[in-house]
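Here are a few exercises to work through with the model open. Try each task before you read its solution.

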Amino acid sequence: MAKYVGYKRPKDTKKTIRHLLVYLGMHKWSFLLVALLVLISAGANITGTYLLKPVINRFIVPGDLNGLVRAVAAMGVMYLCGALATLGYNRLMVKTSQKVIREIRSDLFAHVQKLPLRYFDAHTHGELMSRFTNDVDAVQEAMNNSFAMIIQSFMMLFGTVIMMMVLSIRLSLIVVVFLIVMFVVIRLNGKHSKKYFNRQQEELGKINGFVQEMAEGQKVEKVFNHEAKDYARFCELSENFRKQSTNALSFAGMMIPTIVSLSYLNYAVSACAGGLLAIRGLMDLGSLSAYLVYVRQSAMPLNQFTQQVNFLLSALSGAERIFDMMDEQPEVDEGNVHLCHVVKNADGTLTECEQSTPDYAWKVPENGGFRYVELKGDVRFQNVVFGYTDKKRVLNGISLFAKPGQKIAFVGSTGAGKTTIVNLINRFYEIQSGTITYDGIDIQQIAKDDLRRSLAMVIQDTHLFTGTIADNIRYGKLDATDEEVYEAARIANADSFIRRLPDGYDTMLYADGSNLSQGQRQLLAIARAAVAKPPVLILDEATSSVDTRTERLIEKGMDAIMEGRTVFVIAHRLSTIKSADLILVVKDGRIVEQGKHEELIMKKGFYEQLYNAQFQEDA
């Protein structure tokens with residue numbers, strides 16, 4: 001049985017159950033078979049107990065040994081059928097529940113991939129991970145245990161009470177009184193234990209969060225000699241957790257002894273009353289024996305039923321959070337323009353082909369057919385207005401023209417809106433007004449997958465995946481050959497350090513490439529973009545973690561593969577973008593200056609201030 005850790009009731013139980021029934025309905029025949037096997041198991045148990053009455057009255061009391069043997073054999077067969085049914089529904093329930101959980105988890109992951117970045121900006125990684133771990137586990141535990149157990153407990157309790165009334169209505173009144181008392185005790189105990197279990201979970205969450213922060217910030221902790229204070233804080237959190245756990249487990253630990261004690265008292269009172277009835281001839285010995293067995297087993301299903309209801313409510317609460325996430329609106333993509341490989345004909349026309357070619361074109365629906373627009377990398381913003389929220393604008397009337405083959409650089413203070421501009425090219429976010437065109441096509445008409453396939457982006461916060469170095473580079477182009485991987489690494493100036501590693505390109509990376517330096521991780525990210533040979537490349541402070549010499553080598557390599565393509569660069573070191581065809585100076589969400597380096601220096605405006613300030617810092 002799963003460990004009860006407290007629960008919060010779902011806000012909309014009916015809606016959650018409707019969602020869950022959709023998944024259960026896909027396996028309705030399996031669940032019906034489980035219910036049937038549970039019914040057989042419970043029925044065998046209840047019927048077997050009732051058969052004590054005829055066995056005692058007809059065979060034991062008269063001394064009919066042969067009849068007793070036949071009756072015992074028949075009861076053995078019945079209990080064997082019940083045991084086989086129990087084994088059957090347990091195995092089937094586990095198998096079916098795992099299928100349902102796999103479908104829920106798969107659908108959840110597929111839906112998460114379709115959610116806009118705006119959703120991830122508003123939710124922490126831990127919150128998202130808890131949907132796949134804690135909430136899915138809660139549903140899984142309930143399906144593995146609670147579904148069949150609740151049916152069995154209900155059948156056992158209902159059947160036991162009915163059979164006791166059949167045997168003796170007078171004695172059943174005693175049992176009913178004790179069952180009511182047990183139910184009240186369970187409710188009161190559950191109310192208090194739930195409160196403390198919820199507090200226990202809150203304290204456990206604080207400990208987990210604190211430990212995670214300390215594990216990630218070990219260098220900072222040691223630099224500032226914070227070990228003693230952090231240890232004291234951890235001891236404080238641990239002590240709070242101990243207190244709440246003690247209270248929770250104290251109440252939870254009282255449940256079973258209290259119910260057992262009440263069941264023993266119930267049995268004693270029923271045995272005494274039944275004995276008096278038997279002595280007076282108002283009840284036969286077989287009925288009394290069967291009745292007392294029912295009394296012993298009446299408390300167990302009530303206790304199990306109440307506990308499983310708690311698990312079920314916990315699962316419904318987890319399922320509600322899962323389905324709420326699955327109800328989030330995915331990215332809107334109404335684009336009908338797709339990217340395709342083409343071959344350039346002698347007359348300048350384009351012909352689509354399925355084979356991979358160096359040339360791409362946009363396949364634009366037109367007059368019942370298609371027209372092909374060569375992918376050149378002409379990106380234009382026209383009076384673009386954008387804000388992450390409706391109340392606060394980040395970009396105010398941005399207009400820019402990036403011609404094919406140009407290297408466009410964005411500079412400005414932190415928070416000016418540079419990264420936001422390049423994020424809009426990818427359609428990571430939707431603009432409030434204005435237009436963004438790509439080769440003369442509004443990007444809202446381009447399917448997002450095709451739009452992003454035409455771009456490669458290297459950001460400052462490098463993320464590497466678990467796998468080999470070659471796998472991480474090949475992430476930019478899954479069908480890349482080994483030679484293409486090596487060439488991309490050479491362009492990014494990563495080949496030399498990779499080959500010095502013990503396993504070279506087969507070196508395994510774990511924990512976001514923690515066994516590499518930040519600069520090496522950045523080089524691999526650049527190689528990953530280079531292997532894709534994208535028509536448009538976006539570098540968001542991509543070389544901020546490498547030295548100046550390496551940065552220059554990377555730029556030369558990038559210039560070689562991006563000839564005739566468009567490059568957007570956000571640079572922290574202004575000296576690296578002197579050669580840019582166009583420098584756009586962004587301030588407070590507006591482009592306040594634009595031109596080449598020399599032109600901007602001559603203007604003696606905001607760019608010159610930034611450049612001189614940085615030059616003085618470097619000096």
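**Exercise 1. Is D588 buried or exposed, and what is its backbone doing?**

Before starting: this is a predicted model, where local features need pLDDT of at least 70, side-chain atom pairs count only at pLDDT 80 or more, and totals for chains, interfaces and linings use all residues. Residues are numbered from 1 along each chain as its sequence is written, and side-chain values use heavy atoms, with hydrogens and water left out.

Step 1. D588 has a relative accessible area of 61%, so it is exposed. The cut-offs are under 20% for buried, over 50% for exposed and partly exposed in between, with a 1.4 Å probe and protein chains only.

Step 2. Find D588 in the loop between β15 (582-587) and β16 (590-595). Elements here are DSSP runs numbered from the N terminus: helices are H or I with at least four residues, strands are E with at least two.

Step 3. Check phi: for D588 the angle is near 55°, a positive value in a residue other than glycine. Most residues other than glycine have a negative phi.

**Exercise 2. Where does K604 lie, and what is its phi?**

Step 1. K604 is in the loop between α18 (597-603) and α19 (606-618).

Step 2. Its phi is near 55°, again a positive value in a non-glycine residue.

Step 3. K604 counts as exposed, at 59% relative accessibility.

**Exercise 3. What kind of aromatic pair do F465 and Y475 form?**

Step 1. Start with the total: the structure holds 11 aromatic pairs. Rings of Phe, Tyr and Trp (its six-membered ring) pair if their centres lie within 6.5 Å; planes under 30 degrees apart are stacked, over 60 edge-to-face and the rest tilted.

Step 2. F465 and Y475 sit 4.4 Å centre to centre with 20° between the planes, and the pair is stacked.

Step 3. Trace the chain: F465 is in the loop between β10 (455-458) and β11 (467-468), while Y475 is in the loop between α13 (469-474) and α14 (482-491), 10 residues apart.

Step 4. Both are partly exposed, F465 at 32% and Y475 at 48%.

**Exercise 4. Which parts of the chain does the Y486 and Y505 pair tie together?**

Step 1. Get the geometry: Y486 and Y505 are a tilted pair, 4.6 Å centre to centre, with 55° between the planes.

Step 2. Y486 lies in helix α14 and Y505 in the loop between α15 (495-500) and β12 (508-509), so the pair joins parts 19 residues apart in sequence.

Step 3. Y486 is partly exposed at 24%, whereas Y505 is buried at 6%.

Step 4. Look at the face of Y486 too: R499 lies over it, 5.2 Å from the ring centre. A charge sits over a ring if NZ of Lys or CZ of Arg is within 6 Å of the ring centre and within 35 degrees of the ring normal. K587 is over the face of F606, at 4.7 Å from the ring centre.

**Exercise 5. How many disulfides does the structure hold?**

Step 1. Apply the cut-off: a disulfide needs a pair of cysteine sulfur atoms within 2.5 Å.

Step 2. Take C340: the closest cysteine sulfur, in C353, is 8.0 Å from its own, so that is too far for a bond.

Step 3. C340 is buried at 8%, and C81 is partly exposed at 40%.

Step 4. The count is zero disulfides.
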